[in-house]
Amino acid sequence: AGAKTKGNNTKTWDNNAIPTVSDDVMIPDGFTVTLNVTGNIKSIDVQGTSIFEMNTNLNFTDASNIGVDAIVNWSSGALNGNTITLTNLGTINMLGNGSKAINGNTVLNNSGIINIASGGDLQINDGTLNNLASGTIDMQADAGNITWAGGSLHILNNAGTIKRTTTTG
């Protein structure tokens, strides 16, 4: 069977409604979910081999997780956790030339892989990126940097691997 898609179609969600700030969102194995309108949720748990397509801002209020075999394709928008942690054990692919941002004192703990695969920067505007011992950040494009723009908290802690797998840049 093919992947099941949810997105902003109310009929594809278990409760026949798009998740809100009071909802814990679980994306089970085998699903593809596209965030194409600003997401305001309690938490997110991307499980199994699911794919989460992030095309705009994701606001969450409780600790959240990306599972070991899960994939997040992040093409634009910001993570806004307001002092909350998002733990990545899977793969985050940063795609497209638009900037992506960590805002709201959000903490992104990476024990998986973050691929900066295009010219769009990862901006740590008000937050922390912890690349933990088992984490890898792979800068795969001639452009596409880790930078900051605004805010007051710009922290990158690295105990893992940061590498560039491109010819120039």
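## A walk through a chain of strands

In this predicted model, strand 4 and strand 7 (residues 58-60) run parallel and are joined by 3 bridges. One residue pair lets you find the place on screen: isoleucine 41 has phenylalanine 60 of strand 7 as its bridge partner. As background, the strands of a sheet pair through backbone hydrogen bonds, in either a parallel or an antiparallel way.

From here, step back to the sheet these two strands belong to. It is an open sheet of 6 strands, the pairing is parallel, and the order reads 4-7-10-13-16-19. At its edges are strand 4 (39-41) and strand 19 (146-147), each of which pairs on one side only. So where does this sheet sit in the overall tally, and how many helices and strands does the chain have? The count is 21 strands and 0 helices.

Just ahead of strand 4, pause at valine 37, which is placed in the loop between strand 3 (31-35) and strand 4. Is this valine buried, exposed or partly exposed? Valine 37 counts as partly exposed because its relative accessibility is 39%, and the class runs from 20% to 50%. Threonine 56 lies 19 residues away from valine 37 along the chain, yet the C-alpha atoms of the two are separated by 6.3 Å.

Now let us look inside. Rolling a probe the size of a water molecule over the atoms shows where empty space is left. The structure holds 1 cavity of 30 Å³ or more, and the largest cavity contains about 90 Å³ of space. Which elements give two or more residues to its lining? They are strand 5 (43-46), strand 6 (51-54), strand 8 (64-66) and strand 9 (71-74). Among the lining residues you can pick out Ile44, Val46, Phe52, Met54, Ile66, Val72 and Trp74, and also Leu58, Leu79, Leu86 and Ile92. Asn65 belongs to the lining as well. By class, the lining has 11 nonpolar residues, 1 polar residue and no charged ones.

Finally, take in the chain as a whole. Of its 169 residues, 43% count as buried. The chain exposes about 7600 Å², with carbon and sulfur atoms supplying 50% of that area. As for how the chain meets itself, take the contacts between residues at least 6 apart in sequence: 32% of these join residues at least 24 apart.

Note on methods:
Residues numbered from 1 in each chain as written. Predicted model: local features only at pLDDT ≥ 70, side-chain atom pairs only at ≥ 80, totals over all residues. Heavy atoms only, no water. Pairing = 2+ DSSP bridges. Helix = DSSP H or I, 4+ residues; strand = E, 2+ residues; numbered from the N terminus. Buried < 20%, exposed > 50% of the residue type's maximum accessible area, 1.4 Å probe, protein only. Contact = heavy atoms within 4.5 Å. Areas by Shrake-Rupley, 256 points an atom, 1.4 Å probe, with all protein chains shown as cover. 1 Å grid on protein atoms, 1.4 Å probe; cavity = no way out; pocket = protein on both sides within 12 Å on 5 of 7 lines; lining within 4 Å. Points joined across faces, edges and corners; volume = space filled by probe spheres on them. Nonpolar A, V, L, I, M, F, W, Y, C, P; charged D, E, K, R; others polar.
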